[in-house]
Amino acid sequence: MIQVKEIKKVFRTEEVETWAISNISLNVNVGEFVAIMGPSGCGKSTLLNILGLIDTPSGGTYLLDGKDVSSLKENDRIDLRKGVIGFVFQSFNLIDELTVEENIELPLLYMGIGKRERKERVQKAMERMNIAHRSRHFPAQLSGGQQQRVAIARAVISNPKLILADEPTGNLDSKNGEEVMQLLSELHKEGTTIVMVTHSQHDAGYANRIVKLFDGHVVSELEM
Ligand code: ADP
Ligand code: MG
């Protein structure tokens, strides 16, 4: 599904150049669950943002499902992302002004799906993520664990083939973190490909493979 070859990413400001990724090659097969680990600042989020078509590499190639997506324009990246990639963030990234059900519904609105189908799918996703009893609440009225369950519902509502999760349990206590990992694990068992950044050795135990980064490159890969 993912074929990344010698990608690089440099961030430039007037004075400094930061090589967030110096050289990463990585393949992820359909149905795999890959954990990305490494110290703070080693390029994990930058890599995930490139994989998720949120950002583009400064060099190298990225094939997603065999299609070269290395240098697509922003609009084409957004179009391609729809219905293919679901993103889960450490800080949940819900929209404060929208209710739980409205947040979850958003990807379906972008995809142009009709109201009746939207409502049905949102209801199912809320029930699955055990958040239906909070459908009319706003994010600020929820616990961290509940907010992350809403974020996962929003990420999976479009049935993406690929889920990218950037430290999904980083802001959660161990009980809520475990619940989130159980949900990701279920999605993986159903065939979804997952790439997850984590600092937790325990969470990495759910993956088939652990890729360790240091200073913008891969230092080790461990099959589990
Ligand atoms: P990690 O997620 O592993 O902690 P990041 O991918 O966020 O690391 O960052 C890697 C490096 O790139 C860090 O040195 C960071 O400061 C830098 N960096 C990340 N994003 C930007 C940006 N938008 N502008 C400038 N530097 C950035
Ligand atoms: Mg990060």
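So, the shell around ligand 1: by class, it has three nonpolar, seven polar and one charged residues. Keep in mind, everyone, that this is a predicted model. Who is in that shell? Going along the chain, we meet Phe11, Thr18 and Ala20, then Gly38, and after that Ser40, Gly41, Cys42, Gly43, Lys44, Ser45 and Thr46.

Which elements do these residues come from? Strand β2, residues 17-28, and helix α1, residues 44-51, each supply at least two of them. The largest share comes from α1, with three residues.

Now let's move to the core. The largest nonpolar core has 60 residues. Those with the most contacts inside it are Ile36, Ile152, Ala153, Leu164, Val195 and Met196. Helix α5, residues 144-156, gives the most to this core, six residues in all. As background, nonpolar side chains in soluble globular proteins tend to be buried together.

Let me pick out Leu164 for you. If we set aside its neighbours within four places in sequence, Leu164 is in contact with Leu48, Leu51, Gly52, Ile85, Phe87 and Val195.

Last stop, the hairpin of β9 and β10. Strand β9 covers residues 209-214, and six bridges join it to β10, with the two strands running antiparallel. For one of the pairings, look at Lys212, whose bridge partner in β10 is Ser220. Two residues sit between the strands of this hairpin, and Asp215 takes a positive phi near 50°.

And is β10 buried or in the open? Of its seven residues, 217-223, the number buried is zero, so the strand lies largely in the open. Thanks, all!

Terms used
Residues are numbered from 1 along each chain as its sequence is written. Chains are lettered from A and ligands numbered from 1 in the order in which they are written. This is a predicted model: local features need pLDDT of at least 70, side-chain atom pairs count only at pLDDT 80 or more; totals for chains, interfaces and linings use all residues. A nonpolar core is a set of buried Ala, Val, Leu, Ile, Met, Phe, Trp, Tyr and Cys residues joined through C-beta atoms within 7 Å. A residue is buried if 20 or more other C-beta atoms lie within 10 Å of its own, exposed if 12 or fewer, and partly exposed in between; C-beta atoms are placed from the backbone. Helices (H or I, at least four residues) and strands (E, at least two) are DSSP runs, numbered from the N terminus. Two residues are in contact if their C-beta atoms, placed from the backbone, lie within 7 Å. A residue is near a molecule or strand if its C-beta atom, placed from the backbone, lies within 6 Å of it. Ala, Val, Leu, Ile, Met, Phe, Trp, Tyr, Cys and Pro count as nonpolar, Asp, Glu, Lys and Arg as charged, and the others, Gly among them, as polar. Two strands pair if DSSP finds at least two bridges between them.
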